[in-house]
Amino acid sequence: MDVLIQLIVNGLMLAGLYIGLSIGLTLIFGVIKVVNFAHGEFLMIGLYTTYLLTTYTGLSAYSALIPVILLLFVLGFIMQKTVIQPLLNAPPHMQIFATVGVSTFLMNLALVVFGADVHRTAGAGDLTPVSVMGISIVPSQLLTLCVSIVVAILLQLFLSRTFTGMSIKAVSQNRNSAALMGVNVNRVYAITFGLGCACVGLVSVLIARQYPVFPTVGTYFVLVAFVIVVLGGLGNVTGAVLASFIIGIVDSLAGYYVSLALKEVVYFSLFILILIVRPMGLVGKESGA
């Protein structure tokens with residue numbers, strides 16, 4: 001029983017990372033209706049930026065939080081304006097090709113600049129677990145979970161309580177009607193894409209001490225994020241949070257009871273089974289963040 005409890009706790013801690021990754025991705029899709037296949041590469045940029053700031057400026061990893069979030073917001077804003085905006089009325093496959101192209105470009109750019117070497121952000125001591133009532137908890141993972149949940153709540157409040165947030169929700173429901181009501185749709189799209197990437201910047205700083213960084217580091221994480229976003233219901237932040245907890249716990253249990261090499265098979269199988277029963281995902285909203 002103690003082992004089972006520990007595994008569930010480990011899964012909950014892992015869910016913190018998944019929440020941070022998936023809420024940005026689902027926000028972008030819910031509003032702009034574009035799947036950002038470069039999402040993992042924005043995580044890679046955040047990890048590299050955190051590594052550079054801590055290595056060459058002497059800042060602590062958490063001191064890099066604001067610069068990294070701002071950088072990712074600006075990069076997301078620019079990507080939407082220069083890559084996505086011209087293709088909004090193009091066939092969906094053109095948007096897919098464009099984001100895949102950005103992904104490939106960023107990976108190869110990182111390879112040219114940093115090489116294929118694996119780098120680690122200073123401060124591995126954060127990975128030392130502490131025992132709470134016999135359960136081992138890694139403080140940095142607990143921090144990631146708490147911050148990710150708080151950000152998800154604040155994001156929901158922002159969308160429902162602020163003028164900009166309500167404009168984002170209006171555009172997600174019907175962009176033509178929102179435009180007729182005076183909403184600057186293109187500006188909303190750019191802000192939304194920037195916010196989605198800023199969420200990735202936040203989580204990249206939080207996990208910088210837990211994971212190494214290399215040019216293809218985002219590939220694995222974004223694959224899990226896509227599973228979570230679809231499982232939770234495309235475009236739904238609450239569904240993404242719920243799905244993150246499910247995938248995190250299943251990942252932890254499958255890694256122990258089945259095999260570390262086969263844990264992806266387990267949660268992908270669960271993913272398929274749930275979608276057979278609920279094709280629109282756990283929450284079941286067709287659109288809206």
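The following legends describe close-up views of a predicted model.

**View 1. The packing of helix H2 against helix H3.** Helix H2, which spans residues 39–56, and helix H3, which spans residues 65–84, have axes that come within 10 Å and cross at roughly 145 degrees. The crossing in which H2 passes H3 is right-handed. On the H2 side the contact is made by Phe42, Ile45, Gly46, Thr49, Thr50 and Leu53, and on the H3 side by Pro67, Val68, Leu71, Leu72, Leu75, Gly76 and Met79. Sorted by character, the residues of this contact comprise nine nonpolar and four polar, with no charged residue among them.

**View 2. The largest nonpolar core and the surroundings of Leu17.** The largest nonpolar core of the model contains 74 residues, and those with the most contacts inside it are Leu17, Leu21, Val31, Ile32, Leu43, Val171 and Ile247. Helix H1 contributes the largest share of this core, with 13 residues. When neighbours within four places in sequence are left aside, Leu17 is in contact with Thr144, Val203, Ile207, Tyr211 and Phe221.

**View 3. Ile28 in helix H1 and Lys33 in the loop that follows.** Ile28 is found in helix H1 and is buried, because its relative accessible area of 0% falls below the 20% limit. Apart from neighbours within four places in sequence, Ile28 is in contact with Lys33, Val34 and Asn36, and also with Thr192, Phe193 and Gly196. Lys33 itself lies in the loop between helix H1 (2–32) and H2, and its phi is near 65 degrees, a positive value in a residue other than glycine. With a relative accessibility of 34%, Lys33 counts as partly exposed. For orientation between this view and View 5, the C-alpha atoms of Ile28 and Ser131 are 38 Å apart in space, the two residues being 103 residues apart in sequence.

**View 4. Gln210 and its polar contacts.** Gln210 lies in the loop between helix H8 (185–207) and helix H9 (217–232), and it is nevertheless buried, with a relative accessible area of 12%. Leaving aside neighbours within four places in sequence, the residues in contact with Gln210 are Leu127, Ser140, Gln141 and Thr144. A polar atom of the Gln210 side chain lies 3.4 Å from the backbone oxygen of Ser140, and a polar contact of 3.4 Å joins the side chain of Gln210 to that of Thr144. Thr144 is also among the residues in contact with Leu17, which links this view to View 2. The C-alpha atom of Gln210 is separated by 22 Å from that of Gly134, a residue 76 positions away along the chain.

**View 5. Strand E1 and the loop between E1 and E2.** Val130 lies in strand E1 and counts as partly exposed, with a relative accessibility of 40%. Once neighbours within four places in sequence are set aside, Val130 is in contact with Ile135, Ser136, Ile137 and Pro139. Met133 is found in the loop between strand E1 (130–132) and strand E2 (135–137), where it has a positive phi of about 55 degrees although it is not a glycine. Met133 is exposed, because its relative accessible area of 84% is over the 50% limit.

Note on methods. Residues are numbered from 1 along each chain as its sequence is written. This is a predicted model: local features need pLDDT of at least 70, side-chain atom pairs count only at pLDDT 80 or more; totals for chains, interfaces and linings use all residues. Side-chain values use heavy atoms; hydrogens and water are left out. Axes are lines fitted to C-alpha atoms, for helices over the stretch in contact, and angles run from 0 to 180 degrees between N-to-C directions. Helices (H or I, at least four residues) and strands (E, at least two) are DSSP runs, numbered from the N terminus. A crossing is left-handed if the near helix is turned anticlockwise from the far one by less than a right angle, and right-handed if clockwise. Contact means heavy atoms within 4.5 Å. Ala, Val, Leu, Ile, Met, Phe, Trp, Tyr, Cys and Pro count as nonpolar, Asp, Glu, Lys and Arg as charged, and the others, Gly among them, as polar. Buried means under 20% relative accessible area, exposed over 50%, partly exposed in between (1.4 Å probe, protein chains only). A nonpolar core is a set of buried Ala, Val, Leu, Ile, Met, Phe, Trp, Tyr and Cys residues joined through side-chain atoms within 4.5 Å. A polar contact is a pair of N or O atoms within 3.5 Å; within protein, one must be able to donate a hydrogen and the other to accept it, and residues adjacent in sequence count only if both atoms are side-chain atoms.
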